[in-house]
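Trainee: Got a minute to walk me through this one? I'd like to get my bearings before I set anything up.
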Amino acid sequence: MATVRDIREKAGDEPITMLTAYDAPTAGIVDDAGVDIILVGDSVGNVVLGHETTVPVSVDGIAHHVGAVSRATEDALVVADMPFLSFGVDEKDSLENAGRMLKEEGAEAVKLESGPHTVELTEKMVQLGIPVMAHLGLTPQHVNQYGGYPRQGTDQAAAERMLELAVKHEEAGAFSLVLEHVPSNLAAEITDALDIPTIGIGAGPHCDGQVLVFDDAVGISEWTPSFSEQFGNVRAEMESAVDDYVSAVESGQFPADEHSHEESDLEDIY
């Protein structure tokens, strides 16, 4: 099984692959494909649960999905995405919520949407044995503050703040850093400045690895962001299969003789 040390050692060596998964069947597919990291993202809120944002996702909710993914994963590093207000408010609660993902649900690390408020928390978690993946740039839990999902780090001052925070989180013990929706030249500069690997999503080709939402990557989502790519058309396959099922039932083709059986010992009950 991959470890945080394995991921750190890949920095600048070979590309790191990361995909989300929210259930056991998907985790099995991703793991069998040899993906390095499975992120049980709080994106489960809008991808799977029908919410408009990630904000409504709860600790119990993410724990439910982390457990399912962990039980189906043999090789990939499983990272639990800590949901909105589950960290950074009270240190004791933050540590207990993150520790639960490792102790009870089988994750190997947690991801925090990071900022100045998570530097000391990251250090404390690492001291207690909770590996932390930091996350800078577009942090979707701030959607109400942003008023949407705008690109981050687009002016000099913001870029310098992001670089400074990246260095501080590395110094605090984070084993990797997600950079989301930032200019590719900024992502390249941050990657060069760090010893830990950077993993980009909408951050260009210069990061040490890439991450996408599973449903976007395989073509289940109806809409995907401009920085994503559909590597399949699973939605079309699913729609075709459901259409075929409905037609087969309505026409009487399903179930056929091979889909059922008769018990000869049963007496006539009429």
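Mentor: Sure, we'll go from the overall layout to the cores and then to some local details. Keep in mind that this is a predicted model.

Trainee: Okay, how many helices and strands does the chain have?
Mentor: There are 11 helices and eight strands. The C-alpha trace spans about 80 × 40 × 35 Å along its principal axes.

Trainee: And what share of the residues is buried?
Mentor: Buried residues account for 49% of the 270 in the chain. The chain exposes about 14300 Å², and 49% of that comes from carbon and sulfur atoms.

Trainee: What about contacts, how many join residues at least 24 apart?
Mentor: Counting contacts between residues at least 6 apart in sequence, 57% join residues at least 24 apart.

Trainee: Let's go inside. Which residues have the most contacts in the largest nonpolar core?
Mentor: Those are Met101, Val110, Leu112 and Met125, in a core of 35 residues. At least two core residues come from each of several elements, including helix H2 (24-32), strand S2 (37-40), helix H5 (91-103) and strand S4 (109-113). H4 gives the most, with five residues.

Trainee: Is that one core or are there others around?
Mentor: Another core, of 19 residues, lies apart from it. Leu136, Met162, Leu177 and Cys207 are among its members.

Trainee: Back to Leu112, what does leucine 112 touch beyond its neighbours within four places in sequence?
Mentor: Its contacts include Met82, Phe87, Leu121 and Met125, and also Val132, Met133 and Ala134. Thr122 and His135 are in contact with leucine 112 too.

Trainee: You mentioned H2. Which residues are buried there?
Mentor: In H2, Thr26, Ala27, Gly28, Val30 and Asp31 are buried. The cover over them includes strand S1 (16-20), S2, H4 and H10. Just after H2 comes glycine 34, with a positive phi of about 90°.

Trainee: Glycine, fine. Which residue has a positive phi although it is not a glycine?
Mentor: Leucine 85 is one of them, with phi at about 65°. Leucine 85 sits in the loop between S3 and H5. Histidine 181 is another, at about 55°, and is placed in the loop between strand S6 (176-180) and helix H9 (184-193).

Trainee: Are those two buried or exposed?
Mentor: One of each. Leucine 85 has a relative accessible area of 58%, so it counts as exposed. Histidine 181 has 10%, so it counts as buried.

Trainee: Switching to the surface, which residues form the nonpolar patch there?
Mentor: Val242, Tyr245, Val246, Val249 and Phe254 form it, and together they have about 430 Å² of accessible area. Valine 249 belongs to helix H11 (residues 234-251).

Trainee: Why does valine 249 count as partly exposed?
Mentor: Because its relative accessibility is 39%, and partly exposed runs between under 20% for buried and over 50% for exposed.

Trainee: Anything else around Phe254 that I should look at?
Mentor: Yes, the peptide bond joining phenylalanine 254 and proline 255 is cis, with omega about 0°. Proline 255 lies in the segment after H11.

Trainee: Great, so my list has the cis bond at proline 255, plus leucine 85 and histidine 181 with their positive phi values.
Mentor: Add the patch with Val242 and Phe254 to that list, and you'll have covered what we went through on the local side.

Note on methods:
Residues are numbered from 1 along each chain as its sequence is written. This is a predicted model: local features need pLDDT of at least 70, side-chain atom pairs count only at pLDDT 80 or more; totals for chains, interfaces and linings use all residues. Side-chain values use heavy atoms; hydrogens and water are left out. Patches are made of residues with over 30% relative accessible area and no salt bridge: like charges are joined within 9 Å, nonpolar side chains (Val, Leu, Ile, Met, Phe, Trp, Tyr) within 5 Å. Accessible areas come from the Shrake-Rupley method with a 1.4 Å probe; for residues, only the protein chains shown count as cover. A salt bridge is a side-chain nitrogen of Lys or Arg within 4 Å of a carboxyl oxygen of Asp or Glu. Helices (H or I, at least four residues) and strands (E, at least two) are DSSP runs, numbered from the N terminus. Buried means under 20% relative accessible area, exposed over 50%, partly exposed in between (1.4 Å probe, protein chains only). A nonpolar core is a set of buried Ala, Val, Leu, Ile, Met, Phe, Trp, Tyr and Cys residues joined through side-chain atoms within 4.5 Å. Contact means heavy atoms within 4.5 Å.
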